[in-house]
Amino acid sequence: MRNVLITGGAGFIGANFTHYLSRTKPELRLCVVDALTYAGNIKSLESLIDAGRIAFFKGDICDQAFIERILRDQKIDTVVHFAAESHVDRSIRAPDIFLQTNIFGTQTLLKIAYKVWIQDGLCPEHRFHHISTDEVFGDLSLTDPPFTEETQYQPNSPYAASKAASDHLVRAYHKTFGLKVTTSNCSNNYGPYHFPEKLIPLCITNILRGLPLPVYGDGLNVRDWLHVEDHCRAIDLVLERGVVGETYNVGGNSEMNNITLVTTLCEKMDAVFAGNRGLAASYPECPPAKGKSCADLIHYVDDRLGHDRRYAILADKIRNELGFEPTLQLDQGLDLTIQWYLDHPEWWEPLLA
């Protein structure tokens, strides 16, 4: 691994992974491709661009000529593929773009990688690593065992179905064409640079602005939460030591239902404001600035269509084979995430203007 292309590198997980590789493997040449749609934020990469640490290319992964030019000109030997439409609510309202980006975009990358690396023989030693999600496995009851790498795919949203299709394409290019691939399916990520339409950053930024905290249905839907820094370490391990053709589930060992998560965020924010009286001047609409509790903002809304009840990952394979364990439990990770958003209003406030 010398010249790495990170697709979707201005998005949430992609930006964190770009920073992670830049910090931990300074010997690598890093190239980032991102179309800079609503969830791709060039500000997430500004410090790396200004330092000359990465080469940034704005463009669409469905553009074959664009992708081929980058692979050839930059002598790319490793692709880490994050680029995806990922918000379930948006996939319910407008599924077409999810099929275009997640399926046809992945197909374009695979097709060009096969052409350049194998057909043209420019990079026999290569790796295509595909980032996927636990949502491809479908729904669990509260008593079902967690997902494993052998769990049958049963996607329940257009987003999950599009990711499942992309997973199958990656497998097919390995089995049919010999492309050297790996795939990881992760649980819900959280942390810095997270676009504030997702639950945790939505709650943090809404609390600071004194806006309602929408909770779907009864709030008892369960997710396993993985801090993005731990996810980055897991991907790095798969790139270094993962077996070609294999998939690895990556979980955070931190299951929690949504209403407990939202309530926990409220309690933590109350405590942060109590410990720093100066925050009230910066965020006068935040409930603690008015002597109230953040939990007063919780507001139940109609449930999401086809809302999966529970996701949970059994990550024995990546632990036993690659030695991965998450280092940040949810309580500590939420504290760090809250502090990041408090420290970086210049990143998230323009997104909500």
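Let us start with strand E2, which runs over residues 29-34 and is mostly covered, with five of its six residues buried. Keep in mind as you look at it that this is a predicted model.

What are the neighbours of E2? On one hand there is strand E1, residues 3-7, which pairs with E2 in the parallel sense over five bridges. To find this pairing on your screen, look for Val4, which stands opposite Leu30 in E2. On the other hand there is strand E3, residues 54-58, and E2 and E3 also pair in the parallel sense, over five bridges. Here a good landmark is Cys31, whose bridge partner in E3 is Ala55.

Now follow the chain from E1 to E2. Helix H1, residues 12-24, belongs with these two strands, and together E1, H1 and E2 make a right-handed β-α-β unit. Within helix H1 you can pick out Asn16. Is Asn16 buried or exposed? Its relative accessible area is 7%, and because buried means under 20%, Asn16 counts as buried. The side chain of Asn16 has a partner, too: it reaches the backbone oxygen of Phe12 at 2.9 Å.

Next, walk along the chain past E2. In the loop between E2 and helix H2 (46-50) you meet Leu36. Leu36 has a positive phi of about 55°, although it is not a glycine. With a relative accessible area of 26%, Leu36 is partly exposed. Further on, Lys75 sits in the loop between helix H3 (64-73) and strand E4 (78-81). Lys75 likewise is not a glycine, yet it has a positive phi of about 55°. How exposed is Lys75? Its relative accessibility is 60%, and since the cut-off for exposed is over 50%, Lys75 counts as exposed.

Let us turn from the chain itself to the spaces it leaves. Rolling a probe the size of a water molecule over the atoms shows where empty space is left. The second largest pocket has a volume of about 430 Å³. It is lined by 20 residues, and the closest to its centre are Glu149, Tyr153, Arg171, Gly245 and Thr247. Which elements give two or more residues to this lining? They are helix H6 (158-177), strand E6 (181-186) and strand E10 (247-250). H6 gives the most, with six residues. Sorted by class, the lining of the second largest pocket has four nonpolar, nine polar and seven charged residues.

One of the residues closest to the centre of this pocket, Gly245, deserves a second look. Gly245 lies in the loop between helix H8 (228-241) and E10. At 27% relative accessibility, Gly245 counts as partly exposed. You can also use Gly245 to get a feeling for distances: its C-alpha atom and that of Gln100 are separated by 25 Å, and the two residues are 145 apart along the chain.

Finally, there is a closed space to find. The count comes to one cavity of 30 Å³ or more, and about 30 Å³ of space lies in the largest cavity. Which residues line it? They are Gly251, Asn253, Ala315, Ile318, Arg319, Phe324, Glu325 and Pro326. By class, the lining of the largest cavity divides into four nonpolar, two polar and two charged residues.

Key
Residues are numbered from 1 along each chain as its sequence is written. This is a predicted model: local features need pLDDT of at least 70, side-chain atom pairs count only at pLDDT 80 or more; totals for chains, interfaces and linings use all residues. Side-chain values use heavy atoms; hydrogens and water are left out. On a 1 Å grid over the protein atoms alone, a cavity is a set of points where a 1.4 Å probe fits but cannot get out, and a pocket is an open set with protein on both sides within 12 Å along at least five of seven lines; lining residues have an atom within 4 Å of a point. Grid points are joined across faces, edges and corners, and a volume is the space filled by probe spheres set on the points. Ala, Val, Leu, Ile, Met, Phe, Trp, Tyr, Cys and Pro count as nonpolar, Asp, Glu, Lys and Arg as charged, and the others, Gly among them, as polar. Buried means under 20% relative accessible area, exposed over 50%, partly exposed in between (1.4 Å probe, protein chains only). Helices (H or I, at least four residues) and strands (E, at least two) are DSSP runs, numbered from the N terminus. Two strands pair if DSSP finds at least two bridges between them. A crossover is right-handed if, with the strands pointing away from the viewer, the path from the first strand over the helix to the second runs clockwise. A polar contact is a pair of N or O atoms within 3.5 Å; within protein, one must be able to donate a hydrogen and the other to accept it, and residues adjacent in sequence count only if both atoms are side-chain atoms.
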